[in-house]
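This report walks through one structure. Its topics are a metal site, empty spaces, the backbone and some single residues.

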Amino acid sequence: MIDTHCHLNDEQLLTTASQSIEAAIANGVSKIICIGWDLESSKTAVELAHKYDAVFAAVGFHPENLENISEDALLEIEKLAKEDKVVAIGEIGLDYHWFKEESEHANQKIWFIKQIELANKLGLPVSIHARDASQDTYDLLVEHPIENGFVLHCYSGSPEMMERFAKIGAYFGFDGPVTFKNSITPKECVKACREDRLIVETDSPYMAPTPFRGKVNEPKYIPVILEKIAEIRGISLKEASDITDRNAHELFKF
Ligand code: NI
């Protein structure tokens with residue numbers, strides 16, 4: 001099993017990263033992609049990937065963390081992206097949940113496009129954060145196509161929008177919310193998702209699945225999420241794990 005999106009580089013997990021990785025491996029999670037959100041966290045992600053066999057890295061600036069972005073910082077990201085075991089640019093994208101101003105949206109789009117261009121230049125796929133910004137993300141991707149595949153991480157749009165994104169090559173990452181008692185749309189999306197587009201992730205340390213909701217999330221909970229995905233789709237855990245493994249390998253080219 002593969003955790004395609006987590007933040008072992010977050011301060012809540014970093015000091016105990018080796019225990020988290022061991023626990024994940026003991027639970028059958030053999031690969032973990034550690035995702036950056038700015039320059040420092042991207043550096044840490046690459047360091048973890050170099051230190052631990054099971055860890056791979058993604059580097060980039062998250063739309064909520066653009067205060068220190070610059071052309072120079074992007075050059076640093078480019079250098080990091082060329083390091084061994086960096087499998088994606090991410091997480092990058094648009095966040096209109098925390099940012100409501102038109103000028104902020106415009107700024108996010110500028111840096112999203114620049115980082116897509118970087119991914120295309122380096123031949124890497126992209127891990128996308130899109131929150132309350134489905135339509136703008138879709139429009140931007142139509143105008144600036146990603147050449148080596150992308151995943152909409154923690155997919156939170158509608159099933160209809162999912163089908164439109166699938167047509168332009170999207171994979172969809174599902175995590176803790178599919179296990180939450182009152183969540184409806186994530187479950188509908190898991191059910192409707194094309195089999196060859198389904199990916200699993202934890203987004204640790206955030207969004208721990210039920211029954212660990214509210215606690216610090218870890219990659220070791222991937223089987224808990226997969227169990228729910230299997231139940232929703234009416235397949236076995238083994239099948240769910242095989243499908244999501246295959247898709248993750250297809251996208252990230254491990
Ligand atoms: Ni994340």
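Helices, labelled H or I, are DSSP runs of at least four residues, and strands, labelled E, are runs of at least two; both are numbered from the N terminus. By that naming, Asp-132 sits in the loop between E5 and helix H6 (134-143). The model is a predicted one.

## The nickel site

Start with the metal. Four residues coordinate the nickel ion: His-5 (NE2), His-7 (NE2), Glu-91 (OE) and Asp-203 (OD). The distances run from 2.1 to 2.4 Å. Along the chain, the donors follow the spacing H-x1-H-x83-E-x111-D.

Which parts of the chain do His-7 and Glu-91 tie together? His-7 lies in the loop between strand E1 (2-6) and helix H1 (11-14), while Glu-91 belongs to strand E4 (residues 86-95), so the pair links parts that are 84 residues apart in sequence. Both His-7 and Glu-91 are buried.

What is the geometry of the site? The angles among the four donor atoms span 85 to 175 degrees, and the site is irregular. A tetrahedral site needs all angles between 85 and 135 degrees, so an angle of 175 degrees rules that class out.

## Pocket and cavity

Now the empty space. Rolling a probe the size of a water molecule over the atoms shows where such space is left.

The largest pocket holds about 550 Å³. Its lining has 20 residues, and those closest to the centre are His-62, Glu-64, His-129, Arg-131 and Asp-203. Asp-203 is also one of the residues that coordinate the nickel ion. E4 and strand E5 (126-131) each give the lining at least two residues. The largest share, three residues, comes from E5. By class, the lining of this pocket has six nonpolar, seven polar and seven charged residues.

How many cavities of 30 Å³ or more are there? The count comes to one. About 60 Å³ of space lies in the largest cavity. Its lining consists of Ile-128, Ala-130, Ser-134, Leu-152, His-153, Cys-154, Tyr-155, Ser-156 and Gly-157. Five of these lining residues are nonpolar, four are polar and none is charged.

## Backbone features

Two peptide bonds are described here as cis. One joins Gly-90 and Glu-91, with omega about 0 degrees. Glu-91 is the nickel donor in strand E4. The other cis bond runs from Ser-204 to Pro-205, with omega near 5 degrees. Pro-205 is in the loop between strand E8 (198-200) and helix H9 (222-233).

Next come positive phi values. Phi of Asp-132 is near 55 degrees, a positive value in a residue other than glycine. Asp-132 is exposed, with a relative accessible area of 52%. Met-207 also has a positive phi, near 55 degrees, and is not a glycine. Met-207 lies in the loop between E8 and H9. At 28% relative accessibility, Met-207 is partly exposed.

## Residues in the E8 to H9 loop and elsewhere

The loop between E8 and H9 also holds Glu-218. Is Glu-218 buried or exposed? Its relative accessibility is 17%, so Glu-218 counts as buried. The side chain of Glu-218 makes a polar contact with the side chain of Ser-20, at 2.7 Å.

Ser-204 is in the loop between E8 and H9 as well. Ser-204 is buried, with a relative accessible area of 0%. A polar contact of 2.6 Å joins its side chain to that of Thr-202. Ser-204 also takes part in the cis bond to Pro-205.

Leu-80 is placed in helix H4 (residues 71-81). Leu-80 is buried, with a relative accessible area of 11%. Its partner in space is Lys-43: the two are 37 residues apart in sequence, yet 7.0 Å apart from C-alpha to C-alpha.

The table sets out accessibility for these residues.

| Residue | Relative accessible area | Class |
|---|---|---|
| Asp-132 | 52% | exposed |
| Met-207 | 28% | partly exposed |
| Glu-218 | 17% | buried |
| Leu-80 | 11% | buried |
| Ser-204 | 0% | buried |

Technical notes
Residues are numbered from 1 along each chain as its sequence is written. This is a predicted model: local features need pLDDT of at least 70, side-chain atom pairs count only at pLDDT 80 or more; totals for chains, interfaces and linings use all residues. Side-chain values use heavy atoms; hydrogens and water are left out. Donors are N, O and S atoms within 2.8 Å of the metal (3.2 Å for Na, K and Ca); water is not among the atoms, so sites may look incomplete. Four donors count as tetrahedral if all angles lie between 85 and 135 degrees; four count as square planar and six as octahedral if opposite donors are over 155 degrees apart and all others between 65 and 115; anything else is irregular. Buried means under 20% relative accessible area, exposed over 50%, partly exposed in between (1.4 Å probe, protein chains only). On a 1 Å grid over the protein atoms alone, a cavity is a set of points where a 1.4 Å probe fits but cannot get out, and a pocket is an open set with protein on both sides within 12 Å along at least five of seven lines; lining residues have an atom within 4 Å of a point. Grid points are joined across faces, edges and corners, and a volume is the space filled by probe spheres set on the points. Ala, Val, Leu, Ile, Met, Phe, Trp, Tyr, Cys and Pro count as nonpolar, Asp, Glu, Lys and Arg as charged, and the others, Gly among them, as polar. A polar contact is a pair of N or O atoms within 3.5 Å; within protein, one must be able to donate a hydrogen and the other to accept it, and residues adjacent in sequence count only if both atoms are side-chain atoms.
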